[in-house]
Amino acid sequence: MQMVKCTKRQIRQLRTALRWKIPEAQRQRIQMVLLRESGMAQPAIAAAMGVSLSTVNRAHMAYAHGGIKALKPKPNGGRKRENMTLAEEKALLARFAKAAGAGEMLNILDLKRAYEQAIGHETSNSTVYNLLDRHRWRKLMPRPFHPKRDVEAQKAFKKTAFPAL
């Protein structure tokens, strides 16, 4: 296997970086590169560091291609599948804010239609509810009665369901 082949200056820079306040993952990757430079084989480095061989290989390749900056851990999280940025969502909600601020009920179907028009494709209701939740707009009210209720069936049930009362 081939070594990363660092210059003395790069090795000095890596050793100095170990004294910096850096994330533990980056510190570990720097140590992997330094161990390889000291002549240690990659399987031995993996065993010594308690990581897999592919982790060691990735650290060495990252350093070879991008230097010490490439050893920084990649950020996790975020909205990877967002349809709109937060600023765009805020602008969309601003169109509905006047009516909502006046105490009117927000019609989700109208908001959903405007959202779908803005993103250019259909989406689910939960996407719109999540949008409202993200911007602290979510206050769902239960409907007072079912739209397909049968009042006569309800009255008949009340008369026959609890005869002992």
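**A walk through the predicted model**

Arg136 is exposed in this predicted model, with a relative accessible area of 72%, and that figure lies over the 50% above which a residue counts as exposed. Along the chain, Arg136 sits in the loop that runs between α7 (125-134) and α8 (151-161). The backbone of Arg136 also deserves a look, since its phi is near 60°, a positive value in a residue other than glycine. As background, most residues other than glycine have a negative phi.

Two further residues can be read in the same careful way. Met105 is placed in the loop between α5 (86-101) and α6 (108-119), and with a relative accessibility of 62% Met105 counts as exposed, because exposed means over 50%. Phe157, by contrast with a loop residue, belongs to helix α8, and at 53% relative accessibility Phe157 counts as exposed.

Is Glu116 buried or exposed? Glu116, which is found in helix α6, is buried, because its relative accessible area is 17% and buried means under 20%. If its neighbours within four places in sequence are left aside, Glu116 is in contact with His121, Glu122 and Thr123.

From single residues we can turn to the way helices meet. Helix α2 (residues 24-37) packs against helix α4 (residues 53-66) at an angle of about 85°, and their axes are 9 Å apart. Angles of 65 to 115 degrees count as roughly perpendicular, and α2 and α4 are therefore roughly perpendicular to each other. On the side of α2 the contact is made by Arg29, Met32, Val33 and Arg36, while α4 contributes Thr55, Val56, Ala59, His60 and Tyr63. Sorted by class, the contact of α2 with α4 has 5 nonpolar, 2 polar and 2 charged residues.

Helix α2 also packs against helix α3 (residues 42-49), here at an angle of about 140° and with the axes 10 Å apart, and α2 passes α3 in a right-handed crossing. Which residues of α2 and α3 meet? From α2 come Gln28, Gln31, Met32, Leu35 and Arg36, and they meet Gln42, Ile45 and Met49 in α3. The residues of this contact of α2 with α3 divide into 4 nonpolar, 3 polar and 1 charged.

The next topic is the interior. In soluble globular proteins, nonpolar side chains tend to be buried together. In this model the largest nonpolar core has 12 residues in all, namely Met84, Leu92, Leu93, Phe96, Ile108, Leu111, Ala114, Tyr115, Ile119, Val128, Leu131 and Leu132. At least two residues of this core are supplied by each of α5, α6 and α7, and the largest share, 5 residues, comes from α6. Phe96, one of the core residues, touches Leu106, Asp110, Leu111, Ala114 and Trp137 when residues up to four places away in sequence are not counted. There is also a second, separate core of 11 residues, which includes Cys6, Ile22, Val33 and Leu34.

Distances between chosen residues help to complete the picture. Met105 and Gln28 are 77 residues apart in sequence, and their C-alpha atoms are 55 Å apart in space. Phe157 and Asp110 are 47 residues apart along the chain, with 37 Å separating their C-alpha atoms.

Notes: Residues are numbered from 1 along each chain as its sequence is written. This is a predicted model: local features need pLDDT of at least 70, side-chain atom pairs count only at pLDDT 80 or more; totals for chains, interfaces and linings use all residues. Side-chain values use heavy atoms; hydrogens and water are left out. Helices (H or I, at least four residues) and strands (E, at least two) are DSSP runs, numbered from the N terminus. Buried means under 20% relative accessible area, exposed over 50%, partly exposed in between (1.4 Å probe, protein chains only). Axes are lines fitted to C-alpha atoms, for helices over the stretch in contact, and angles run from 0 to 180 degrees between N-to-C directions. Angles under 35 degrees count as roughly parallel, over 145 as roughly antiparallel, 65 to 115 as roughly perpendicular and the rest as oblique. Contact means heavy atoms within 4.5 Å. Ala, Val, Leu, Ile, Met, Phe, Trp, Tyr, Cys and Pro count as nonpolar, Asp, Glu, Lys and Arg as charged, and the others, Gly among them, as polar. A crossing is left-handed if the near helix is turned anticlockwise from the far one by less than a right angle, and right-handed if clockwise. A nonpolar core is a set of buried Ala, Val, Leu, Ile, Met, Phe, Trp, Tyr and Cys residues joined through side-chain atoms within 4.5 Å.
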